[in-house]
Amino acid sequence: MGAYETQGFKLDNSGKRIVVDPVTRIEGHMRVEVNLDTNNVIRNAVSTGTMWRGLEVILKGRDPRDAWAFTERICGVCTGTHALTSVRAVEDALGILIPENANSIRNIMQLTLQVHDHLVHFYHLHALDWVDVVSALSADPKKTSELAQSISSWPLSSPGYFRDIQNRLKKFVESGQLGPFMNGYWGNPAYKLPPEANLMAVTHYLEALDFQKEIVKIHTIYGGKNPHPNWLVGGVPCAINVHETGAVGAINMERLNLISHIIDRTIEFIDQVYIPDLLAIASFYKDWTYGGGLASKSVMSYGDIPDKANDYSAANLMMPRGAIINGDLSKVHEVDLRDPSQIQEFVDHSWFKYAGANDAAGKGLHPWDGETVAHYELGKNAKGTSTNIEQIDEGGKYSWIKAPRWKGHAMEVGPLARYIIGYVQNNPEFKEPVDRVLKKLDLPLPALFSTLGRTAARGLEASWAVHKMRYFQDKLVANIKAGDASTANIEKWDPSTWPKEAKGVGFTEAPRGALGHWIKIKEGRIDNYQCVVPTTWNGSPRDSKGQIGAFEASLMNTPMAKADQPLEILRTLHSFDPCLACSTHVMAPDGQEMTRVRVR
Amino acid sequence: MKPRAMSTSDLDYRCDTLILGIGNLLWADEGFGVRALEKLHADWSFRPGVRLLDGGTQGLYLLPYIEGCRKLLILDAVDYGLPPGTLKVVRDEEVPRFMGVKKMSLHQTGFQEVLSVAQLRGWNPDSVMLIGCQPETLDDYGGSLSDTVKARIPEALNLALDTLYGWLAKPLRRTTPPADLTLDSLALELYEAERPSAEMACRMGDGRFLGGAA
């Protein structure tokens, strides 16, 4: 490919090539290759999805009312969000309206996922990109206590409490068992926190585990189980019976109160621990301004969390909706998921092939007309074999992820995209917290367009989401007290009531970003189904014009402290919470090395 | 680490003895721990306070169950480079360290972490015991236990029962079959009987994915 310019980035693949594979541990379906210049600055980035999903193929010919249960299994982490998107797509196609209680419960389920996902991501998957665990051993517990008390009123902050945890950690490290902290790049100069901040963060890492187990109980109450709770086309599958007669297993006052209690405790933890930790960590990385990528150029959100049921207009959605392109913050564009010219997927650099007349360079298909036919072939300059790739050729096909584009633009999606859009729309729920953070850290607005900005937006959103859970829980209880116990509308449950042919689209804002499912139904069966997931947007490969995706763009121009320790690469990619990824630190099958890093 | 930040329903997780089978049934001998647990459950009952749990490949979701018990017995397939089918028993402090020596599946990484995190958070059990079995075959998706590994289940359970007697878990041989521990569709006989042929399941390498390269 040589050197060329796209979206304001100068790509040059002539320098030393670094391969990181897998970027992730538990799922392990992502690979990144970068080229460094002589100063170890990233000048080219190539992101590859290494796993075939293929759910679209499985869904063909099935009952549309079952689609949620299949699509939900796309991911074991953002469990539920695909199911919600799926039931919305089917309801859209068939004109099914859901009761208010179902809307409130669905919103609580979706917000629970946001909070759970953001909290787990920050503490258990991303924190170790910023926090040096071994450095915590040299912290002064008294000073750690002073630090903790200076930033929060959280009660677990005595010197003895921190000393206790430090001692346990010390014993652990001395016995040679780093456990969850094994194989980090401890001591890498890219770590900037003082020992006390590291000890505080490690302590909260351990505390956050209590919350993740509590929060998911909301899914088990409204959805029967977690992961992968139950959903229903036409509403939610849980009956409400506050009188406790006649219905076994229905939601009663005791269950509603338990959820209420969990919400309150979670609000405390997020506002008194997560947010102060985030600000404390960020204050030491103010100089690390890399990783913005497309954030300052092109971002998109479909919007989500309808206040009233069945109204998916931007005005009724509590999460912002719209698109910003070419860095023009003065205009937020309308996004229409039905318009065949807006959202299209390209496969020029993806291991897929379109059929017949669609098999042409630069051909994009709207998801309603989407095709999922695998076509695996490596570019002619790839090194290695087809089953053991040593080096990708980004000039050819190189990913199992398609390249979605909005009106031809590669877009970043996710919490940062939502906050940028909410900010420029002057929505106070999004603008004010951002302004507060920037003021507190004494940073200008462009600082938001960075790896750290992405991490900060996720934290702010966790707080926003848990307060909205309170709102919808109160709304639900008020509605029940007013005598409405309805949770499902089954008027159009029977396929005999459906039209011969129908098509619909459902969307949500998943923790990782804009998520859409497009469905075509023919004679009661799924004729075509396409999912365009947030990581399809962010992890997109190049298109026929050579435009790069959000992951690729975010790595550009980042200097690496050590070429053989890809800490900066992981830090930035993890800030997207990539769905291909489940984990911060990477373990090869023999457990000994953190990731397969090769320098060529 | 007390007081805990949240403890609304820690009681749900509490038991004094936890017998945990872990592994992935879909990857041949990876399923050893869960299959051994199923057999233990099918033949034996225990006094109240003893819980049998199919941990599957869950990672941190198992943490509250671990922290809620005083005695923990783990059944799992573990690679320590011995002849296939060899049983290996490890106790107490050696267990998480042992599990970290050489991982062959990602869920073990996860589980070793769970044990370490529990310890870091102050979990201080009376006893931990791991009964591991060296696998013969792992990379056979949809396959069942190899004959070699399957043949070691009775001996593994004898080892487990010896310890459980000592832990006063009061094993009693059942006279009537219990309710299933795992999903019917995953029951060993059905799982083995309904396996499609290699050709039908494209287990020989799928041309749709590898194109001309297969």
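**Figure 1. Overall make-up of chain B in the predicted model.** Of the 214 residues in chain B, 40% are buried. The model shown here and in the following views is a predicted one. Eight helices and seven strands constitute the secondary structure of chain B. Among contacts in chain B with a separation of 6 or more, 78% are between residues 24 or more positions apart.

**Figure 2. Close-up of helix α15 of chain A and its surroundings.** Helix α15(A) spans residues 567-574 and is mostly covered, with eight of its eight residues buried. The buried residues are A:Leu567, A:Glu568, A:Ile569, A:Leu570, A:Arg571, A:Thr572, A:Leu573 and A:His574. They pack against two strands of chain A, β3 (16-21) and β4 (30-36), and against the helices α4 (100-126), α12 (451-481) and α14 (550-555) of that chain. An α-helix has 3.6 residues a turn, so residues three or four places apart point the same way.

**Figure 3. Close-up of the packing of α4 and α12 of chain A.** Both helices also appear in Figure 2 as packing partners of the buried residues of α15(A). The axes of α4(A) and α12(A) lie 8 Å apart, and the helices pack at an angle of about 150 degrees. Angles over 145 degrees count as roughly antiparallel, and α4(A) and α12(A) are therefore roughly antiparallel to each other. The crossing in which α4(A) passes α12(A) is left-handed. Residues of the contact of α4(A) with α12(A) comprise twelve nonpolar, twelve polar and five charged.

**Figure 4. Close-up of the open three-stranded sheet of chain A.** The strands of this sheet are arranged in the order β15-β16-β17 (chain A), and their pairing is antiparallel. The edges are formed by β15 (501-510) and β17 (525-532) of chain A; each has a single partner strand, so one side of each lacks a neighbour in the sheet. From one strand to the next, the twist averages 15 degrees. Strands of a sheet pair through backbone hydrogen bonds, either parallel or antiparallel.

**Figure 5. Close-up of the pairing of β15 with β16 in chain A, and of the helix lying across them.** Strand β16(A), residues 513-522, runs antiparallel to β15(A) and is joined to it by ten bridges. One of the residue pairs to locate in this view is A:Gly504 with its bridge partner A:Ile519, which belongs to β16(A). Helix α3(A), residues 81-94, lies across β15 and β16 of chain A. The direction of α3(A) is at about 145 degrees to β15(A).

Technical notes: Residues numbered from 1 in each chain as written. Chains lettered and ligands numbered in written order. Predicted model: local features only at pLDDT ≥ 70, side-chain atom pairs only at ≥ 80, totals over all residues. Helix = DSSP H or I, 4+ residues; strand = E, 2+ residues; numbered from the N terminus. Buried ≥ 20, exposed ≤ 12 C-beta atoms within 10 Å, placed from the backbone. Contact = placed C-beta atoms within 7 Å. Pairing = 2+ DSSP bridges. Axes fitted to C-alpha atoms, helices over the stretch in contact; angles between N-to-C directions. Parallel < 35°, antiparallel > 145°, perpendicular 65-115°, else oblique. Left-handed = near helix turned anticlockwise from the far one by under 90°. Nonpolar A, V, L, I, M, F, W, Y, C, P; charged D, E, K, R; others polar.
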